[in-house]
Amino acid sequence: MKKIWLSILLLLSGSVIQAQLVITPGAELNISGNTQLTISNMDFINNGKFTAGNGTEFWTGNTSSVPRGSQATPFYNVEINKNGGAALTLHWTIIAALVYAKAG
């Protein structure tokens, strides 16, 4: 039995685990006022409704992140502080929302 648990622990210790912030269909995440949302080493998946308010979204960490989902995500103010060669990759629904938020 000890060999089985040791094998499982060794397999899990070598795995890379990446978290995700997921807004599911029908769910809402509303940021009101000048609130800060820090997204560190995870993806942001918006399949519901996200309202940024006047807040700032900080993308930090040493792993690359991708905001995506079936709904456009209107970030208000984005600050990126990735290190170690990590990047924030933006897809069209995110870029369109950023351009709209700044132009509006």
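This is a short dialogue on reading strands, burial and contacts in a predicted model.

Student: What should I know about the model before reading it?
Tutor: The model is predicted, so local features need pLDDT of at least 70 and side-chain atom pairs count only at pLDDT 80 or more, while totals for chains, interfaces and linings use all residues. Residues are numbered from 1 along each chain as its sequence is written, and side-chain values use heavy atoms, with hydrogens and water left out.

Student: Which side chains of strand β3 are buried?
Tutor: Strands are DSSP runs (E, at least two residues), numbered from the N terminus. Buried means under 20% relative accessible area, exposed over 50%, partly exposed in between (1.4 Å probe, protein chains only). In β3 (residues 36-40) the side chains alternate: Leu-37 and Ile-39 are buried on one face, whereas Gln-36, Thr-38 and Ser-40 point to the other and are not buried.

Student: In what sense do β3 and β6 pair?
Tutor: Two strands pair if DSSP finds at least two bridges between them. Here β3 and β6 (residues 56-61) are parallel, with five bridges. Ser-40 stands opposite Thr-60 in β6.

Student: Why does Thr-56 count as buried?
Tutor: Thr-56 is in β6, and it counts as buried because its relative accessibility is 10%.

Student: Which side chain makes a polar contact with that of Thr-56?
Tutor: A polar contact is a pair of N or O atoms within 3.5 Å; within protein, one must be able to donate a hydrogen and the other to accept it, and residues adjacent in sequence count only if both atoms are side-chain atoms. For the side chain of Thr-56, the partner is the side chain of Asn-77, at 3.1 Å.

How values were computed. Helix = DSSP H or I, 4+ residues; strand = E, 2+ residues; numbered from the N terminus.
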